[in-house]
Structures are given as structure tokens and as C-alpha cells.
Amino acid sequence: MAKLIAGMGTSHVPGLGAAMDNGKTQEAYWKRLFEGLEPLRQWHEANTPDVNIIVYNDHATEFSLDNYSTFTVGVGESFKPADEGWGPRQVPEMRGHPELAWHLIESVMADEFDLAVNASMDLDHGFTVPLSVAYGQPPEWPAAVVPVCVNVIQHPLPTALRCYKLGQAIGKAVASYPHDITVGIWGTGGLSHQLGGERVGVVNPEFDQLFLDNLTKDPLANTRLSHTDFMREAGCEGVEMIMWNVMRGALGDSVEEVFRLYHIPVSATAYGAIILENR
Ligand code: DHB
Ligand code: FE
């Protein structure tokens, strides 16, 4: 049977991808952050699963605001990096895992989540930046992926609790996949940030750190936050953090935090990353 080995949470700030793509990681602005990411990368090198289920959001790149599903699972054989206006990032295409993706869809739909299914979506910085954070700049990505896109863009959004429950259903789906593969699950986006409006530049370390603490100490506390709580405390785009609840919901009751990094600023945001091993 498949085994869910761990969960990772990471922000997906596009500037991180640009820093790597343009050889700037040793510059003063980025150096300390990328040094801080070294142990995360070592962990990933030592613990590469066969497949990563990557819970991410599209930024109205692939999906138009005219037609935005709440949850979309990618069943393609491969996925291209999206063109976000200045050409696609020069990173490898992402190899899909249609068999696990379809199993996940059937299992999660049987648990009464109505998913959209997409065979050809291009993946924007919300997806490619976390891959680069974990794996650097390899000629090919070391693991296949199953993309799970969550609408955190066009209100009404799924609740923080709904996201956690989706994660639980994904965890159950992985546990019933009848092949001996290892699987990781990633929650992406956040942490506190607001990119426009009167409160542009909001960051809130107390809120972010409590959210990170709760992933091990009291994960259900993070499901009781409303969208208004997220937006008030962590800025409008901070609501991306609900995707970390999908990751946490997929893991078991007992997890061990083996890595955490929190760094301000990255662009106008608070950068956060965590790795939780399933015990
Ligand atoms: C930025 C964009 C994002 O999608 C995000 O989540 C954080 C930061 C940015 O453009 O800086
Ligand atoms: Fe974003």
C-alpha cells in the first residue's frame, strides 16, 4: 500500500524562483534565506517520495476568474510551467501520476468532495516555486506530482475546516492506494502578506508562528479561523494559508516537526517553511 511519509508547508513567493533562475541566491538580500533552506533541501534529498501531492493555488494564470473551481485535481501525464506574462519559468516540466490522481479523485469523491478534473493545466509560481525551494535546479524533478488546486482567489472560498477535511480524505485515499509507493503532501502559499490596497505590506509574525505551532500542537485551532480572521490578521493574500490545512489534514494525529524556517521579508511577505514527518 502507499505510504504518506511527510508534509511540507512553504510560501511560494515568485521572487524566490526569480532569485534561483537568475543566479542571485548568494546576493545579500537572499543569502541568509537560502542558507536557512539548506537543511530543508537536505531533508528532501534524503526523503524524496515517489509522488508529491502538491496543494497549491493558481493566480488567475491558468484559470480565468470567469470559471474557477473550488478544488481541481490534475490528471495529466505532464504539466508545463505557466507563462505569467514574461514567459514560462525555465524549469523542467512536471511529471504527473495519472493513476494516483484518478484513485485520489475516486476516493475523495466517494467521500463527498466534488472535484474538478483537469488533464492539461499549466502550473504557475504557486506550484513551481515550492518545487524549486525543495529541489533546487535539477535537470528533471526527482518525483512525480499530483497537483491539487484550491481556489483562494475568487470568493466564496472553501473554509479552513473544509480544507482540513479535504486533506483527511486525501490521506485516506493515499492509504488505500494498492501499490507500494511513498507519497509526500505539500501545502503552499502564505504566510502573512497583502499585495495591494490600504494595508499593503502587512506581516504578522505572532499570527504566523502560532499557526505554525498549531500544526503540531493543535491543528484543529487552525480550522476554526474564518476568512475574515486570516485577512485581518495575515492580510488579504494571507488567506492562502488555508491550503496548509489540506496538508495537515492528510497527515495522521501524530506528527513530528523536523524543520522550520521563518524569515521576513521576502518581497513584501513573511516567508515560512515547515516539514512534518508522519509518525
Ligand atoms: C507575491 C506573490 C504571491 O502569489 C504570493 O503569494 C506572495 C508574494 C509577490 O508578488 O511578491
Ligand atoms: Fe500567492
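In this predicted model, the iron ion (ligand 2) takes its protein donors from His12 (NE2), His59 (NE2) and Glu240 (OE), which lie 2.1 Å from it. Written along the sequence, the spacing of these donor residues is H-x46-H-x180-E. The two histidines bring distant parts of the chain together: His12 sits in the loop between strand S1 (3-10) and H1, His59 in the loop between strand S2 (51-56) and strand S3 (71-74), and 47 residues separate them. How buried or exposed are these two histidines? His12 counts as buried because its relative accessibility is 3%, whereas His59, with a relative accessible area of 24%, is partly exposed.

Let's move on to the sheet. Eight strands make up an open sheet with mixed pairing, and their order is S6-S3-S7-S2-S8-S1-S10-S9. Strand S6 (116-118) and S9 are the edge strands, each pairing on one side only. On average, and ignoring direction, neighbouring strands in this sheet are turned by 20° against each other. Helix H4 (residues 98-110) packs on the sheet, where it touches S2, S3, S6, strand S7 (144-150) and strand S8 (182-188). The direction of H4 makes about 150° with that of S3.

At the S9 end of the order, S10 has partners to follow up. S1 and S10 run antiparallel and are joined by 5 bridges; Gly7 has Leu276 of S10 as its bridge partner. S9 and S10 are also antiparallel, joined by 9 bridges, and here His263 is partnered by Tyr271 in S10. S9 and S10 form a hairpin with 2 residues between them, and Ser267 in the turn has a positive phi of about 55°.

Which residues of H1 are buried? In helix H1 (residues 14-21) they are Leu16, Gly17, Ala19 and Met20. These four lie on the same side of H1, because they cover an arc of only 160° around the axis. They pack against helix H2 (28-36), helix H3 (38-46), helix H5 (125-135), strand S9 (255-266) and strand S10 (269-278), so the hairpin strands described above return here as packing partners of H1. After H1 comes Gly23, with a positive phi near 65°.

H2 and H3 also meet each other. Their axes come within 4 Å and cross at roughly 40°, which makes H2 oblique to H3. Phe34, Glu35 and Gly36 of H2 make this contact with Glu38, Pro39 and Arg41 of H3.

Finally, some backbone details are worth a look. Most residues other than glycine have a negative phi, and most peptide bonds are trans. The table gathers two cis peptide bonds and two positive phi values.

| Site | Backbone value | Place |
|---|---|---|
| Gly190 to Leu191 | cis, omega near -15° | Leu191: loop between S8 and helix H7 (205-217) |
| Ile264 to Pro265 | cis, omega near -5° | Pro265: strand S9 |
| Ala60 | phi near 55° | loop between S2 and S3 |
| Glu112 | phi near 75° | loop between H4 and S6 |

Ala60 shares its loop, between S2 and S3, with the iron donor His59. At 40% relative accessibility, Ala60 counts as partly exposed. Glu112, with a relative accessible area of 64%, is exposed.

Note on methods: Residues are numbered from 1 along each chain as its sequence is written. Chains are lettered from A and ligands numbered from 1 in the order in which they are written. This is a predicted model: local features need pLDDT of at least 70, side-chain atom pairs count only at pLDDT 80 or more; totals for chains, interfaces and linings use all residues. Side-chain values use heavy atoms; hydrogens and water are left out. Buried means under 20% relative accessible area, exposed over 50%, partly exposed in between (1.4 Å probe, protein chains only). The arc is that of the directions from the helix axis to the C-beta atoms. Contact means heavy atoms within 4.5 Å. Donors are N, O and S atoms within 2.8 Å of the metal (3.2 Å for Na, K and Ca); water is not among the atoms, so sites may look incomplete. Two strands pair if DSSP finds at least two bridges between them. Axes are lines fitted to C-alpha atoms, for helices over the stretch in contact, and angles run from 0 to 180 degrees between N-to-C directions. Angles under 35 degrees count as roughly parallel, over 145 as roughly antiparallel, 65 to 115 as roughly perpendicular and the rest as oblique.
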